[in-house]
Amino acid sequence: MARRAEARVIREQSGEEVRVELGPRSYPVVVAAGVLAESGPRLAAAGFGGRCALVTSERVGALYREPVLASLRAAGFAPAVIEIPDGEEHKNLAWLAVLYDRLLEAGIERHSALVALGGGVVTDLAGFAAATLLRGLPSVLLPTTLLGQIDAAIGGKTGINHVLGKNLIGAFHQPRLVLADVDTLRTLPRRELLAGVAEVIKTAAIGDAGLFAELEERLERVIGLEREVIVPVVAACVRYKARVVAEDEQEVHGGRAVLNFGHTVGHALEALTGYKELRHGEAVAIGMGAAVRVSVALGRCRAETAGRLVALLKRAGLPTDIPSGLTPAALALAMRSDKKSARGRIRFVCLEEIGRTAFVELSGEEIVSHL
Ligand SMILES: NC(=O)c1ccc[n+]([C@@H]2O[C@H](COP(=O)([O-])OP(=O)(O)OC[C@H]3O[C@@H](n4cnc5c(N)ncnc54)[C@H](O)[C@@H]3O)[C@@H](O)[C@H]2O)c1
């Protein structure tokens, strides 16, 4: 009995639960070290049982499939495993079709859980399959990248890419449960981890001044993935995203647009470099550097505030300057072509204070003129 109580205390210290409040579509996000090994009992407690499917990528599957499968089987589940090749280039219609085939062959039914284990590519693709197959299956997301844990797995956006652009085909489909195991972040390539840190810094900059101050104090411990530091940091980011999503679930009121801080220039850079040279987080880091320059030039932000953000990004080893060789004209054109610009006007997210943003309507040329 005493041992049980002790184990429980340890678990509570290294885990947090955040609820995404969306009425009947509400769900918990468990952020904890080692939670993958509890997948079975946690799915059972969420009301699932019997046949289920585990969708993962080859790389993530090799690392983390076994503890998930062992836990599912021990809890009485009969999981079918479906692996897709690694990488963004497989988040497309062809692989979605393969996924549909395999899920149907595996005997998945309306109430079977579709469990997605991997980064944003896997959770987006599997989430979209769950949104559409048999008119909607319940999904459970096990995100294994920092970006996945604080962003892609939260909020119900699912989808695939089209040759004409990223994420052009998709649906809102909230998961039933998210289990974010921070221990999985230890095997992430450093560049992927730091790209996720850029999104952590973005979250703090736009909505959580307390978290920003924490990052200034312990950034190296966050990057070092010390459990007692990374768990509350991931949970704080999840809490922020959950709040934004709860206010604007399907991006109709514009509240979710605040998440685009750093994305106007970031997306343009990704498009101009063919989505190959920069990780998304790196592009957003440069985009945030650009956004605070614009904010200061427009008189919306003090230079000192901008300096705090740029200094933190640099300390994380992230880029903040626009790569040389890109012309202002090309950048302005790429911003105008972005799917989020309307009639050439861009709803640009300015930083006013750490934790506070404002929208300003600008053209691509106006933005570039302030960089
Ligand atoms: N749905 C949303 O709201 C949302 C939000 C942001 C991004 N996204 C999408 O997410 C995708 C990017 O996600 P990502 O950055 O997680 O990339 P990703 O899924 O491609 O993963 C990055 C790489 O890390 C590997 N990996 C994943 N977890 C690992 C682990 N624990 N250890 C070792 N290697 C691991 C993957 O195999 C891959 O090679 C994009 O397609 C983007 O559109 C969606």
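Biologist: Axes here are lines fitted to C-alpha atoms, for helices over the stretch in contact, and angles run from 0 to 180 degrees between N-to-C directions. With that settled, at what angle do the axes of helix 11 and helix 12 cross?

Modeller: Roughly 170°, and the axes come within 9 Å. Keep in mind that this is a predicted model. Helix 11 covers residues 280–297, and helix 12 covers residues 303–315.

Biologist: Are they roughly parallel or roughly antiparallel, then?

Modeller: Angles over 145 degrees count as roughly antiparallel, so that is how helix 11 lies relative to helix 12.

Biologist: Which residues make the contact?

Modeller: From helix 11 you have Ala285, Met288, Gly289, Val292 and Val296. Helix 12 brings Ala303, Ala306, Leu309, Val310 and Leu313. By class, that contact has nine nonpolar residues, one polar and no charged.

Biologist: I see Gly289 in there. Is Gly289 buried or exposed?

Modeller: Buried, because its relative accessibility is 1%, and the cut-off for buried is under 20%.

Biologist: What does Gly289 touch?

Modeller: Leaving out residues up to four places away in sequence, Gly289 touches Val310 and Thr320. You can also look across to Val265: the two C-alpha atoms are 9.4 Å apart, with their positions 24 residues apart along the chain.

Biologist: Let's switch partners. How do the axes of helix 8 and helix 12 cross?

Modeller: Helix 8 is residues 209–223, and its axis comes within 10 Å of that of helix 12, crossing at roughly 30°. Angles under 35 degrees count as roughly parallel, so helix 8 and helix 12 are described that way. Their crossing is left-handed.

Biologist: And which residues of helix 8 and helix 12 meet?

Modeller: On the helix 8 side, Phe212, Leu215, Glu216, Glu217, Leu219 and Glu220. They meet Arg308, Leu309, Leu312 and Arg315 of helix 12. This contact divides into five nonpolar, no polar and five charged residues.

Biologist: Leu215 caught my eye. What else is Leu215 in contact with?

Modeller: Setting aside neighbours within four places in sequence, the partners of Leu215 are Val200, Ile201, Ala204, Val222, Val233, Leu312 and Arg315.

Biologist: Now the core. How many residues are in the largest nonpolar core, and which touch the most other members?

Modeller: There are 105 residues in it, and Val31, Leu103, Ile201, Leu215, Phe261 and Leu309 touch the most other members. Helix 9, residues 227–247, gives the most to this core, with 13 residues. There is also a second, separate core of 21 residues, with Val30, Val60, Val140 and Leu179 among them.

Biologist: Why would such side chains gather like that?

Modeller: As a general tendency, nonpolar side chains in soluble globular proteins are buried together.

Biologist: Different topic: where is Ser324, and is it buried or exposed?

Modeller: Ser324 sits in the loop between helix 12 and helix 13. Its relative accessibility is 75%, so Ser324 counts as exposed. From Ser324 to Glu282 is 15 Å, C-alpha to C-alpha, and they are 42 residues apart in sequence.

Biologist: Last one, backbone angles. What is phi of Asn167?

Modeller: Near 55°, a positive value in a residue other than glycine. Most residues other than glycine have a negative phi. Asn167 lies in strand 8, residues 165–172, and is partly exposed, with a relative accessible area of 35%. Glu251 also has a positive phi, near 60°. You will find Glu251 in the loop between helix 9 and helix 10, and at 32% relative accessibility it counts as partly exposed.

Conventions. Residues are numbered from 1 along each chain as its sequence is written. This is a predicted model: local features need pLDDT of at least 70, side-chain atom pairs count only at pLDDT 80 or more; totals for chains, interfaces and linings use all residues. Side-chain values use heavy atoms; hydrogens and water are left out. A nonpolar core is a set of buried Ala, Val, Leu, Ile, Met, Phe, Trp, Tyr and Cys residues joined through side-chain atoms within 4.5 Å. Buried means under 20% relative accessible area, exposed over 50%, partly exposed in between (1.4 Å probe, protein chains only). Helices (H or I, at least four residues) and strands (E, at least two) are DSSP runs, numbered from the N terminus. Contact means heavy atoms within 4.5 Å. Angles under 35 degrees count as roughly parallel, over 145 as roughly antiparallel, 65 to 115 as roughly perpendicular and the rest as oblique. A crossing is left-handed if the near helix is turned anticlockwise from the far one by less than a right angle, and right-handed if clockwise. Ala, Val, Leu, Ile, Met, Phe, Trp, Tyr, Cys and Pro count as nonpolar, Asp, Glu, Lys and Arg as charged, and the others, Gly among them, as polar.
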